[in-house]
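The following account concerns the contacts made by charged and aromatic side chains. The reader is invited to keep the sequence and the coordinates at hand while following it.

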Amino acid sequence: MKNVFVLITSLVAVVTLSACAPKRGSDAWCKKMDSVPKGQWSMNDAGDYTKYCVLNQKPEEE
């Protein structure tokens with residue numbers, strides 16, 4: 001019974017925390033990327049940062 005409770009609690013925590021990531025290209029995402037060291041960015045992160053945060057294109061306009 002205790003194992004089931006721990007499993008359910010863990011699943012709820014994972015689902016809850018995974019929903020907190022800001023949408024790629026949003027202002028919150030740009031601010032989050034500003035705090036991440038540039039050496040940890042992927043090529044997609046760098047390209048999207050340039051596209052959305054530097055050139056001010058928004059994901060809705062695509």
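A salt bridge is taken here as a side-chain nitrogen of Lys or Arg within 4 Å of a carboxyl oxygen of Asp or Glu. The model under discussion is predicted, and it holds three salt bridges. As general background, side chains of opposite charge can pair when their charged atoms come close.

One of these contacts joins aspartate 45 to arginine 24, with the closest N and O atoms 3.0 Å apart. The two partners come from distant parts of the chain: aspartate 45 belongs to helix 3 (residues 43-54), whereas arginine 24 lies in the loop between helix 1 (2-18) and helix 2 (27-35), and 21 residues separate them. Their surroundings can be described by relative accessibility. Aspartate 45 has a value of 14% and therefore counts as buried, since the cut-off for that class is under 20%. Arginine 24, at 35%, counts as partly exposed.

Arginine 24 also forms a salt bridge with aspartate 48, where the closest N and O atoms are 2.9 Å apart. This pair likewise links distant parts of the chain, as aspartate 48 is in helix 3 and arginine 24 is in the loop between helix 1 and helix 2, 24 residues apart. Aspartate 48 is buried, its relative accessible area being 18%.

A further salt bridge connects lysine 58 with aspartate 27, and here the closest N and O atoms are 3.2 Å apart. Because lysine 58 lies in the segment after helix 3 and aspartate 27 in helix 2, the pair ties together parts that are 31 residues apart in sequence. Lysine 58 has a relative accessible area of 23% and is therefore partly exposed. Aspartate 27 counts as exposed, at 52% relative accessibility.

Which residues are joined into one network by salt bridges that share partners? They are Arg24, Asp45 and Asp48.

Attention now turns to the aromatic side chains. The structure holds one aromatic pair. It consists of tryptophan 41 and tyrosine 49, whose ring centres are 4.8 Å apart and whose planes meet at 50°, so the pair is tilted. That assignment follows because planes under 30 degrees apart count as stacked and those over 60 as edge-to-face, the rest being tilted. Tryptophan 41 and tyrosine 49 are both buried.

Tyrosine 49 has a charged contact as well: the charged end of lysine 38 sits over the tyrosine 49 ring, 6.0 Å from the ring centre.

Notes:
Residues numbered from 1 in each chain as written. Predicted model: local features only at pLDDT ≥ 70, side-chain atom pairs only at ≥ 80, totals over all residues. Heavy atoms only, no water. Helix = DSSP H or I, 4+ residues; strand = E, 2+ residues; numbered from the N terminus. Buried < 20%, exposed > 50% of the residue type's maximum accessible area, 1.4 Å probe, protein only. Phe/Tyr/Trp six-rings, centres within 6.5 Å; stacked < 30°, edge-to-face > 60°. Lys NZ or Arg CZ within 6 Å of the ring centre and 35° of its normal.
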